[in-house]
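Q: I should like to learn how to read a protein model, one feature at a time. May we begin with the structure itself?

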Amino acid sequence: MKNRKKVLAVLLAGTMVAGSLAGCGSKGGSDTPATDTPVAENNKDTEQADTEAANSEETATEEGEEEVSVKSMAELAEMEYDDRCTYLYEQNLGEFYEIYQEAKAEVNDLSKRYAMMAIAEAKLLESGVLNPQTAQGGSYAISRRVPNTETTVLWGNDEYRYHNVLVTTELIKTADRAEMRQKWAELRGSGTYLEWAKTYLAEKGYELKDSYAAHWFGSDPTTWDILSTSQTVDSYATVNTYDGLLEYDCENVQQPALATSYDVSDDGLTYTFHIREGVDWVDSQGRKVADVKADDWVAGFQHMIDTNGGLGDLVDGVVLNASGYISGEITDFSQVGVKAIDDYTLEYTLEEPLPYFPTMLCYNVFAPLSRDYYTSQGGKFGDEFDSSAADYTYGKSPDNIAYNGPFLITNFTSKNVIAFKQNESYWNKDSMTIKSMSWPYEDQSDATKMYNDGKSATLDHAPLNTSEVESAKADGLFDEYVFISDTNGSTFPMYYNLYRTAYANSNDETKVVSVLTDEEKDLANAALGNANFRLAISFSIDKAARQAQRVGEDLKYGRLRNTYVPGNFVTLENEVTIDINGTETSFPAGTVYGEIVQAQIDADGIPIKAFDKSANDGIGSSDGYDGWYSPENAVTFLNKAIEELAAQGVVIDEEHPVRLELPYTSSIEWVTNQANAVKQSVESALGGKVELVLADGADSNEWYYTGYYTDYGYEANYNVTDVSGWGPDYGDPVTYLDTFLPDYSGYVTKSLGIF
């Protein structure tokens, strides 16, 4: 990582820092406007603080524990950076790390693995180093697209595949939509929801059609080469032109696509896929250009790395020797762990067992590539790859790619329309419910255009802005047809800097300069070193009031999130019994991740509602409500922190308030309003003992350089920040939780002012 050395954290099991919780056992851009259509962003990184441990030399005293001194501010200041980061990580996240490593080591029983990771997340939330705030989505919409007839998994590209969705000729009523969602939760995994939905719709008088119209906006696709980009704007359309090995169905079950089956070796390192025979590659006119064979995935994998389009990070350290090929240490691609054993047998060899590997296969990083067609378009591999060559045309337009999927792109007109028709050679065309699609471009210049297009069936799905909501109310359609759309996988938290050392931006020391005195800096660091103090701040933030500054009062709860990993992210396939604070606790098959997070939090006696079984039309969710905000709890935890810090010689009261700096940018009105809402909420709840100081970045660039554009924790120019977030790459909680690893391994850890 930027040539900084990595240090091994010596995590001390069973130790506690003064101020730890009672009951505890021992990239992209900022949050983008709510919409159901993806905008250009990096799928991996959807971006959005000196710890006072103690002046006294408190040590662990239980028999058999190693004694660990709690270091004073002066001692921390004298430590080498890496040593200090390791120490602070141990003190604040040691329990999370220990449980998390045990969970990651469980590679045979996925249900047990997920349950253990949920326990680890509970410890992460209880540590108070972050306060989850929002997701994306949660906006008003009207739609003819039948709920839950496309997959709702939060990773990969399958959510943008529309060949098997159901679409009605009339707008779907809100009450009918809610009933169908509840039924989906009941039938999920049975393979019967789609047929039930058809029967239900017919009984309710709806008719189905075989076309689908969805808007797109933001920018034109930059490439039609699905293997050369990590931008959602590029993959949104192109994912409908190819099939991969596996595909998630509408009940979120992974089904065979171009792999009819696969086997896993006993050591978990080798995956052997049996490729469907008789599948064609065709050009944009539907003319056959090649047979689909196992080698297409070998060619695709090499091309994906050759293009350096931002996807290689996902396989770095995953597929055998992929890291060496990415770095250039290996030039012979045959040494990389993806091989065609024969025309219809494909083999991946991994660096280490990864039980979530199959979930990665539904991301475009594992898309196939017709080697013959690619070379016919001037494509080359390895050192000879040159996308700027005069004869290189692959991916330059929809006419310069090969298709093996359900749709051909028949028209792309810049900032106007993308049109699709059924691929008559598609191996599974008889199952398709949608035979054609038209995606008109939306430049958002007309404030009510999408609503009007949704009413008139020019669009079959239309998210609504504030003006359009008012139009729906005026038309009398709001109560009957408008619903709140699902949130997506990106989580945007508040982060707390555990040891702030930067008091101006790292790229320009004249920007966002701190106004805190030296004494105030020390007091802020001392306070934020205390878990109860951090939780007091989190309990004092009125998330709904903050979000209302952006989306209005009606929608202020719509995309609130209360966990880091979304509560419905994964589900137990089998019954699991795990230890929760010394009690063997069983969770049946079908239990979702968030329920187990909540069980551990409840057992620890921390008043966080991380998961609400009644939310999301009764499906249960970690979204759509505020499970943290409580001025009463904020005062309770602040008083605990004040008592603990007083024992260390640190005074917090109305005459000695803790002043914390929160950066924002005055160039964006809603950001300014949100910052002021947080300030008012915190200061009102905590009775003058905490003051939030708003640190203005004159533009978004200055704001981003307080934390989003930084590389290391020592550059974090804030006490509290809300400028960045994270989204998933595959279907295992490690895609989130790994971001809190120590030693420069976790991307988000730098947001805590360490590593």
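Q: Is Phe357 buried or exposed in this model?

A: The model is a predicted one. Phe357 is buried, because its relative accessible area is 0% and the term applies under 20%. Tyr271 also counts as buried, at 5% relative accessibility.

Q: How should the pair formed by the rings of Tyr271 and Phe357 be described?

A: A pair of aromatic rings is described by two quantities, the distance of the centres and the angle of the planes. For Tyr271 and Phe357 the centres are 4.9 Å apart and the planes stand at 55°, so the pair is tilted. Tyr271 belongs to strand β9 (residues 270-275) and Phe357 to helix α9 (residues 357-360), so this pair ties together parts that are 86 residues apart in sequence. Both rings also belong to a cluster linked by ring pairs, whose members are Tyr262, Tyr271, Phe273, Phe301, Tyr325, Phe333, Tyr348, Phe357 and Phe366.

Q: How many aromatic pairs are there, and which kind of pair do Trp196 and Tyr200 form?

A: The count comes to 50 aromatic pairs. Trp196 and Tyr200 form a stacked pair, with 4.9 Å from centre to centre and 20° between the planes. These two residues are about one helical turn from each other, because they are 4 residues apart in helix α5 (residues 193-203). Trp196 is partly exposed, with a relative accessible area of 22%, whereas Tyr200 is buried, with a value of 6%.

Q: Which residues lie over the face of an aromatic ring?

A: Among them is Lys71, which lies over the face of Tyr87 at 5.7 Å from the ring centre. Another case is Lys473, which lies over the face of Phe478 at 5.0 Å from the ring centre.

Q: How does one read the pairing of strands, and in which sense do β20 and β21 pair?

A: Strands of a sheet pair through backbone hydrogen bonds, either parallel or antiparallel. Here β20 and strand β21 (residues 583-587) pair in the antiparallel sense over 5 bridges. Within this pairing, Ile578 stands opposite Thr585 in β21. The two strands form a hairpin with 2 residues between them, and Asn581 in the turn has a positive phi of about 50°.

Q: Where do the side chains of strand β20 point?

A: They alternate along the strand, which covers residues 576-580. Val576, Ile578 and Ile580 point to one face and are buried, while Thr577 and Asp579 point to the other face and are not buried.

Q: How many residues lie between β12 and β13?

A: There are 2 residues between β12 and β13, and the two strands form a hairpin. Strand β12 (residues 338-342) and strand β13 (residues 345-349) run antiparallel and are joined by 4 bridges. Val338 has Tyr348 as its bridge partner in β13.

Q: In what order do the strands of the open sheet with β1 follow one another?

A: The order is β1-β19-β24, a sheet of 3 strands with antiparallel pairing. The edge strands are β1 (130-134) and β24 (720-721), each of which pairs on one side only. Strand β19 (residues 492-496) is joined to β24 by 2 bridges, and Tyr496 has Val720 as its bridge partner in β24.

Q: Which residue has a side chain that makes a polar contact with the side chain of Asp399?

A: That residue is Ser284, and the distance is 2.9 Å. Ser284 is placed in the loop between β10 (280-282) and β11 (288-291), and it is buried, with a relative accessible area of 10%. Leaving out residues up to four places away in sequence, Ser284 touches Pro398, Asp399, Ile401, Tyr403 and Leu408.

Q: What is the phi of Asn321, and where is this residue found?

A: Asn321 has a positive phi of about 65°, although it is not a glycine. It is found in the loop between α7 (295-307) and α8 (322-327), and it counts as partly exposed at 24% relative accessibility. Asp617 also has a positive phi, near 55°, and it lies in the loop between α17 (593-604) and α18 (631-646).

Q: Where is the pLDDT below 50?

A: Where pLDDT is low, the predicted coordinates should not be read in detail. The chain averages a pLDDT of 90, and 91% of the residues score at least 70. Over residues 1-67, however, the pLDDT is below 50.

Notes
Residues numbered from 1 in each chain as written. Predicted model: local features only at pLDDT ≥ 70, side-chain atom pairs only at ≥ 80, totals over all residues. Heavy atoms only, no water. Buried < 20%, exposed > 50% of the residue type's maximum accessible area, 1.4 Å probe, protein only. Polar contact = N/O pair within 3.5 Å; in protein donor to acceptor, adjacent residues only side chain to side chain. Contact = heavy atoms within 4.5 Å. Pairing = 2+ DSSP bridges. Phe/Tyr/Trp six-rings, centres within 6.5 Å; stacked < 30°, edge-to-face > 60°. Lys NZ or Arg CZ within 6 Å of the ring centre and 35° of its normal. pLDDT = per-residue confidence, 0-100.
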